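Here is a quick walk through some charged pairs and a ligand site. Have the viewer open as you read.

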Amino acid sequence: MSRTPSAVNPAPQPAKRMLRALGGESLASPPVWLMRQAGRYLPEYRAIRAEAKGFLDLCFTPDMAVEVTLQPIRRFGFDAAILFSDILVVPHALGQKVWFEEGSGPRLEALERPGDLERLGRDGLHEALAPVYETLRRLKRELPAETTLIGFAGAPWTVASYMLEGGSSRDFAAGKRWAYGAPEALQRLIDLLVEATGDYLIAQIDAGAEAVQIFDSWAGIWPEAQLRRWCLEPAKALVARLRRERPGVPVIVFPRGAGVLYQAYADECGAEALGLDTTVPLGWARAALQPKACLQGNLDPLALVAGGEGLRRGTEDILAQLAGGPFVFNLGHGIVPETPLEHVAMLVEQIRAWPRRAGGAR
Ligand code: CP3
C-alpha cells in the first residue's frame, strides 16, 4: 500500500514569540510591542485620521482600522499588533452617547443618578460592535505569520469612570461619590460592564484575537478595599469567564497604579500576564510577581520621548531585571504623540540585540 500525500501531516508551526512568552517561556530576546502603538506619533496615522469623519468613525470603519493597526507593524516589526479601537466603544454600544472633541479628548453624556442606568442595555452590543469584529477577521488574514493579534477592552472600573464623569477626570469625584454614597448602584454598573466586556472579548477571540488585554488605567486611585471591590474582583470574574469559555487564550491585565496591590493581582486574578506601570520597582516585580505571571512593561513613555543615554539605560535596566523570566517588553503606559520615530526604532533595535554578548561570548 502506498501512502497518499493527503495522509502526511503538515509540519507543526512554531508558536509565535509573543504567545510563547505569555505561555510562561523565557525568551533570550523578549517580544516587544507598545501600548497605543497606532496613533498620532505616526505621520501615516495622522493622514488617515484626517480622512476620517471622526475618531469613532475611524474605529468603526474596518478598511481604516485595519490600515492603522498595520502601520506600526510595517514600520517597526513589533511582535504583536493591537486591534485599533478604543475602550469607549463599549459605553457607546450599551446606548450611551460618546463623542471625541478635537483637543479635549473623549466626551460622554454622563450618568448622573442611579436611575440613568435604566437607559443602558446589552441588547444591541454585538450589532454595534460588528465592525470591530470585521476588523479583527481581516487583520487575522493580513498580519505577518509571526505577529500576534491582541484584542482589548477597558476594565469595568476604568470604563465606568468615563461613563460617570462624562470624560476624563482629575479627581474621579463622580465615581467616588457613587462608590461611597450609592455602592449598590455602582455595583450594578460594574456588573453590567463585566457581562458586556466578557461578551465583547469572547466575540473578539472568535473573530481572531489570539490574546486579550484588559486596560484598568485608573485602578490606582482607590484605597485597598475599594480597589479590591471595583478593580480586582471584576478582573477576576472576567479572567475566570474567559478561562472557562475560551481556554488557552492568554489574558494580560494592566491595573495601572495598583502599587503593592500588584501582589494581589499576581496571587488572585488568574491572568497569564500582568502589565506593569512605570512606577513598579523592577527587582520587586522580578522576585514577587514574575514567579506567578508573565510580566509586561514598563519603560517610561517620556524616556522614549527624551531618547539618548537615559533611554538606553532605562531599557537596559528593564531587560537586565526582567528578561530572564517570562517577559514582554512594553511601555508603562501609552506612547505619547511627541515621540520621535527614531527613538522607537532604536528601542526595538536594542531589545532585539539582547542579550548583550558578555566578553564576546553568549
Ligand atoms: O494601542 C493601540 O494602538 C490601540 C488603540 C487604542 C486607542 N485607545 C486609540 C486611541 C487603545 C488600546 C486605547 C485604549 C484607551 N482609550 C485607554 C486605556 C489605555 C490608556 O491610555 O490609559 C483609555 C483610557 C482610552 C480613552 C481615550 N481615548 C482617551 C482618554 C483619549 C484621548 C487622549 C488621547 O490620547 O487623545 C482617547 C482617544 C484615542 N484613542 C486616540 C487614539 C489613537 C487619539 C485620538 C485621535 O487620534 O484623535
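## A pair within one helix

Arg241 and Glu245 sit four residues apart in helix H10, so about one helical turn separates them (helices are DSSP runs of H or I with at least four residues, strands are runs of E with at least two, and both are numbered from the N terminus). Their side chains meet in a salt bridge at 3.1 Å, N to O; the term means a side-chain nitrogen of Lys or Arg within 4 Å of a carboxyl oxygen of Asp or Glu. Salt bridges with shared partners link Arg122, Glu195, Asp199, Arg241 and Glu245 into one network.

A word on the source: this is a predicted model, where local features need pLDDT of at least 70, side-chain atom pairs count only at pLDDT 80 or more, and totals for chains, interfaces and linings use all residues. Residues are numbered from 1 along each chain as its sequence is written, and side-chain values use heavy atoms, with hydrogens and water left out.

## Across two helices

Arg241 also pairs up with Asp199, in a salt bridge whose closest N and O atoms are 2.8 Å apart. Arg241 belongs to helix H10 (residues 224-245) and Asp199 to helix H9 (residues 183-206), so this pair ties together parts 42 residues apart in sequence.

Buried or exposed? For Arg241, relative accessibility is 16%, which counts as buried (under 20% relative accessible area is buried, over 50% exposed, in between partly exposed, with a 1.4 Å probe and protein chains only). Asp199 is buried too, at 14%, while Glu245 is partly exposed at 34%.

## Another one-turn pair

How many salt bridges are there by this rule? The count is 28. One of them joins the side chains of Arg137 and Glu134 at 3.2 Å, N to O. Both residues lie in helix H6 (residues 125-142), three residues apart, or about one turn. Arg137 is partly exposed at 39% relative accessible area, and Glu134 is partly exposed at 25%.

## The ligand site

Which oxygen contacts does the ligand make? One ligand oxygen is 2.7 Å from a backbone N or O atom of Arg36. For the side chain of Arg40, an N or O atom is 2.6 Å from a ligand oxygen, and for the side chain of Arg49 that distance is 2.7 Å. On its own the ligand exposes 870 Å², of which the protein buries 89% (accessible areas here use the Shrake-Rupley method with a 1.4 Å probe, and for residues only the protein chains shown count as cover).

Note on methods: A polar contact is a pair of N or O atoms within 3.5 Å; within protein, one must be able to donate a hydrogen and the other to accept it, and residues adjacent in sequence count only if both atoms are side-chain atoms.
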